[in-house]
Amino acid sequence: MSALSELCQEILVCQRCQVLAENRTIAVPGEGAEAADIMFIGEAPGWHEDQQGRPFVGPAGMFLNELITSIGLRRQQVYITNVVKCRPLGNRDPLPLEIHTCRHWLDRQIELIRPKMVVTLGRYSMAMFFPGKSISKIHGTAHRQDNIIYYAMYHPAAALHQQSLRQVIEADMLKIPALLAEAETVTEVKQGPKQLNMFEG
Ligand code: URA
């Protein structure tokens, strides 16, 4: 069994947050390619995800699938996970303590997958990698740290509630291939840290 599969097994039996563990149907560790270049990080499982043990399989997931297809990829080629691996009852927002407690799993997933790009979906995952920033200001921008590009997007569910955000999210998604390609060029020629065109000033 791969280290990532072992990690997912550990997440499935995690009891670190008593309330979440007691109320979940199944924990949702994440899924996708173990050697994915891109890792998408959402907020927390919703009802559908809690039933199936898979991330982004409800309405927001359908839109995420479309977005992934729009950049010529399939869901199986990326890795999809959440900040918090168990559904907060009633789809309430995850608590700061739950986010803190669950971060351990996310950090290990990033270590094992070593994606070239981490795409944060919504403000909870954005807050982890862009602390103190506002999503309305930084969506569609990236910064690079330890050879990983962090890229902030609105949560796909936002488009379901607010139609005007749909085009914004679609446009932000379409910037990803160029960012990845540019980052690969920088890595290949070993130019060291460099400000990339679409990156935050
Ligand atoms: N919303 C999320 O943030 N994650 C999911 O897995 C599903 C919906």
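Helices here are DSSP runs of H or I with at least four residues, strands are runs of E with at least two, and both are numbered from the N terminus. Keep that in mind as you color this predicted model by secondary structure: you should find ten helices and six strands.

**Start with the whole chain**

Zoom out first. Along its principal axes, the C-alpha trace spans about 50 × 40 × 30 Å. The radius of gyration is 16 Å, which agrees with the value near 17 Å for a compact globule of 201 residues. Now show the surface: about 10000 Å² is accessible, and carbon and sulfur atoms make up 52% of that. Half the story is inside, since 50% of the 201 residues count as buried. If you display contacts with a separation of 6 or more, 70% of them join residues 24 or more positions apart.

**Color by confidence**

Next, switch to pLDDT coloring. The chain has a mean of 93, and 92% of its residues reach 70 or more. Then select residues 190–195, where the pLDDT is below 50; beyond near neighbours in sequence, this stretch makes five contacts in the model. Where pLDDT is low, the predicted coordinates should not be read in detail.

**Select helix α5**

Pick residues 96–113. This helix has 18 residues and reaches 25 Å from its first C-alpha to its last, close to the expected 26 Å. Look along the axis and stop at Arg103, where α5 bends by about 40°.

Now turn on side chains. Which residues of α5 are buried? Glu98, Ile99, Thr101, Cys102, Trp105, Leu106, Gln109, Ile110 and Ile113 are. To see what surrounds them, add the helices α1 (3–12), α2 (18–23) and α6, then the strands β2 (38–42), β3 (79–82) and β6 (148–153); the buried residues of α5 pack against these elements. Just after the helix comes Arg114, with a positive phi near 45°.

**Finish at Gly122**

Move on to Gly122, in the loop between β4 (117–121) and α6 (123–129). Is this glycine buried or exposed? Its relative accessible area is 7%, so Gly122 is buried, the cut-off being under 20%.

What touches Gly122, leaving aside its neighbours within four places in sequence? Select Ile135, Met153, Tyr154 and His155 to see these contacts. Last, draw a C-alpha to C-alpha distance from Gly122 to Gly42: the two are 80 residues apart in sequence and 6.6 Å apart in space. Gly42 belongs to β2 (38–42), one of the strands that the buried residues of α5 pack against.

Terms used. Residues numbered from 1 in each chain as written. Heavy atoms only, no water. Buried < 20%, exposed > 50% of the residue type's maximum accessible area, 1.4 Å probe, protein only. Contact = heavy atoms within 4.5 Å. Expected span 1.5 Å × (residues − 1). Bend = angle between axes of the 7 residues up to and from the residue. Rg over C-alpha atoms; globule rule 2.2 N^0.38 Å. Areas by Shrake-Rupley, 256 points an atom, 1.4 Å probe, with all protein chains shown as cover. pLDDT = per-residue confidence, 0-100.
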